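Here is a short report on one protein model. Keep the structure open while you read.

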Amino acid sequence: MNKLFNKIISFDRDNLGLFGILPSFAKVFLYRIAGARIERGVFIPHMTYIIAEEMHIGENTRFGKSSLFSAVELKIGKYAKFEDDISWRCRRITVGDMFYC
(Lines give C-alpha, C1' and ligand atoms only; values in the text may rest on other atoms or scores of the structure.)
Protein backbone atom coordinates (compact mmCIF):
# COMPACT_ATOMS: atom_id res chain seq x y z
CA MET A 1 0.00 0.00 0.00
CA ASN A 2 0.97 3.58 -0.46
CA LYS A 3 3.20 4.75 2.44
CA LEU A 4 1.88 8.31 2.28
CA PHE A 5 -1.67 6.97 2.62
CA ASN A 6 -0.62 5.00 5.72
CA LYS A 7 0.92 8.13 7.25
CA ILE A 8 -2.24 10.13 6.57
CA ILE A 9 -4.42 7.40 8.08
CA SER A 10 -2.17 7.17 11.16
CA PHE A 11 -2.24 10.94 11.65
CA ASP A 12 -6.01 11.01 11.21
CA ARG A 13 -6.50 8.21 13.73
CA ASP A 14 -4.38 10.00 16.34
CA ASN A 15 -5.65 13.54 15.76
CA LEU A 16 -8.79 14.03 13.70
CA GLY A 17 -10.87 10.86 13.39
CA LEU A 18 -12.35 11.90 10.04
CA PHE A 19 -11.45 8.72 8.14
CA GLY A 20 -13.01 6.66 10.90
CA ILE A 21 -16.46 8.17 10.40
CA LEU A 22 -16.56 7.42 6.68
CA PRO A 23 -19.03 4.75 5.56
CA SER A 24 -17.62 1.32 4.77
CA PHE A 25 -17.89 1.63 0.99
CA ALA A 26 -15.84 4.86 1.06
CA LYS A 27 -13.10 3.30 3.20
CA VAL A 28 -12.92 0.23 0.96
CA PHE A 29 -12.70 2.49 -2.10
CA LEU A 30 -9.88 4.59 -0.60
CA TYR A 31 -7.94 1.53 0.57
CA ARG A 32 -8.19 0.04 -2.94
CA ILE A 33 -6.94 3.26 -4.51
CA ALA A 34 -3.98 3.15 -2.10
CA GLY A 35 -3.11 -0.36 -3.33
CA ALA A 36 -4.89 -2.70 -0.92
CA ARG A 37 -6.43 -5.88 -2.30
CA ILE A 38 -9.93 -5.96 -0.87
CA GLU A 39 -12.42 -8.42 -2.29
CA ARG A 40 -16.17 -7.87 -2.64
CA GLY A 41 -18.51 -7.72 0.33
CA VAL A 42 -15.93 -6.47 2.87
CA PHE A 43 -17.42 -4.31 5.63
CA ILE A 44 -15.21 -1.87 7.57
CA PRO A 45 -17.34 -0.23 10.28
CA HIS A 46 -17.31 3.16 11.95
CA MET A 47 -13.98 4.15 13.59
CA THR A 48 -12.05 1.15 12.23
CA TYR A 49 -8.55 1.79 10.93
CA ILE A 50 -6.30 -0.73 9.17
CA ILE A 51 -2.71 0.40 8.75
CA ALA A 52 -0.54 -2.01 6.79
CA GLU A 53 2.12 -1.93 4.10
CA GLU A 54 0.55 -4.98 2.44
CA MET A 55 -3.16 -5.71 2.73
CA HIS A 56 -5.32 -8.48 1.30
CA ILE A 57 -8.80 -8.99 2.74
CA GLY A 58 -10.97 -11.84 1.47
CA GLU A 59 -14.57 -11.49 0.39
CA ASN A 60 -17.42 -10.97 2.84
CA THR A 61 -15.09 -10.24 5.76
CA ARG A 62 -16.55 -8.06 8.52
CA PHE A 63 -14.78 -6.18 11.27
CA GLY A 64 -16.24 -5.27 14.65
CA LYS A 65 -16.16 -1.96 16.47
CA SER A 66 -12.87 -0.15 17.12
CA SER A 67 -10.66 -2.60 15.23
CA LEU A 68 -7.10 -1.47 14.58
CA PHE A 69 -4.66 -3.65 12.67
CA SER A 70 -1.14 -2.30 12.27
CA ALA A 71 1.21 -4.62 10.39
CA VAL A 72 3.85 -4.92 7.69
CA GLU A 73 1.73 -7.56 5.95
CA LEU A 74 -1.94 -8.40 6.51
CA LYS A 75 -3.87 -11.27 4.92
CA ILE A 76 -7.38 -12.13 6.04
CA GLY A 77 -9.33 -14.96 4.41
CA LYS A 78 -12.89 -15.08 3.15
CA TYR A 79 -15.89 -14.82 5.49
CA ALA A 80 -13.81 -13.88 8.55
CA LYS A 81 -15.65 -11.96 11.27
CA PHE A 82 -14.16 -9.89 14.08
CA GLU A 83 -16.23 -8.48 16.94
CA ASP A 84 -15.82 -5.66 19.47
CA ASP A 85 -12.42 -4.16 20.36
CA ILE A 86 -9.57 -5.86 18.52
CA SER A 87 -6.13 -4.30 18.22
CA TRP A 88 -3.24 -6.15 16.58
CA ARG A 89 0.22 -4.68 16.12
CA CYS A 90 2.71 -7.11 14.68
CA ARG A 91 4.90 -7.90 11.67
CA ARG A 92 2.65 -10.39 9.85
CA ILE A 93 -0.98 -11.30 10.30
CA THR A 94 -2.51 -14.20 8.42
CA VAL A 95 -6.05 -15.25 9.29
CA GLY A 96 -7.64 -18.17 7.47
CA ASP A 97 -11.07 -18.47 5.87
CA MET A 98 -14.20 -18.65 8.02
CA PHE A 99 -12.40 -17.35 11.14
CA TYR A 100 -14.60 -15.89 13.90
CA CYS A 101 -13.39 -14.08 16.99
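Start with a single pairing: Arg37 has His56 in β2 as its bridge partner. This is a predicted model, in which local features need pLDDT of at least 70, side-chain atom pairs count only at pLDDT 80 or more, and totals for chains, interfaces and linings use all residues. Residues are numbered from 1 along each chain as its sequence is written, and side-chain values use heavy atoms, with hydrogens and water left out.

**Strands**

Helices (H or I, at least four residues) and strands (E, at least two) are DSSP runs, numbered from the N terminus. Two strands pair if DSSP finds at least two bridges between them. Strand β1 (residues 37-38) and strand β2 (residues 49-57) run parallel, joined by two bridges. β2 also runs parallel to strand β3 (residues 68-76), and eight bridges join them. Ala52 has Ala71 in β3 as its bridge partner.

**The core**

A nonpolar core is a set of buried Ala, Val, Leu, Ile, Met, Phe, Trp, Tyr and Cys residues joined through side-chain atoms within 4.5 Å. Buried means under 20% relative accessible area, exposed over 50%, and partly exposed in between (1.4 Å probe, protein chains only). The largest such core has 28 residues. Those with the most contacts inside it are Tyr31, Ile38, Ile50, Met55, Phe63 and Leu74. At least two core residues come from each of α1, α2 (24-33), β2, β3 and β4 (87-95). β2 gives the largest share, six residues. In soluble globular proteins, nonpolar side chains tend to be buried together.

Contact means heavy atoms within 4.5 Å. Beyond its neighbours within four places in sequence, Ile38 is in contact with Val28, Tyr31, Arg32, Met55 and Ile57.

The buried residues of α2 include Val28 and Tyr31, along with Ser24, Ala26 and Lys27. Their cover includes α1, β1 and β2. Just after α2, Gly35 takes a positive phi of about 110°.

**A buried acid**

Asp12 lies in helix α1 (residues 3-16). Asp12 is buried yet has no salt bridge, that is, no side-chain nitrogen of Lys or Arg within 4 Å of a carboxyl oxygen of Asp or Glu. Lys and Arg count as positive and Asp and Glu as negative; His and the chain ends are not counted. The nearest side chain of opposite charge is Arg13, 8.4 Å away.

What does the side chain of Asp12 make a polar contact with? The partner is the side chain of Tyr49, at 2.7 Å. A polar contact is a pair of N or O atoms within 3.5 Å; within protein, one must be able to donate a hydrogen and the other to accept it, and residues adjacent in sequence count only if both atoms are side-chain atoms. Setting aside residues up to four places away in sequence, Asp12 touches Gly17, Leu18, Phe19, Gly20 and Tyr49.

**Loops**

Thr61 sits in the loop between β2 and β3. Thr61 counts as buried because its relative accessible area is 0%. A polar atom of its side chain lies 2.9 Å from the backbone oxygen of Gly58. Residues that Thr61 touches include Gly41, Phe43, Ile76 and Tyr79.

Most residues other than glycine have a negative phi. Two loop residues with positive phi follow.

| Residue | Loop | Phi | Relative accessible area |
|---|---|---|---|
| Met47 | between β1 and β2 | near 65° | 31%, partly exposed |
| Tyr79 | between β3 and β4 | near 60° | 36%, partly exposed |
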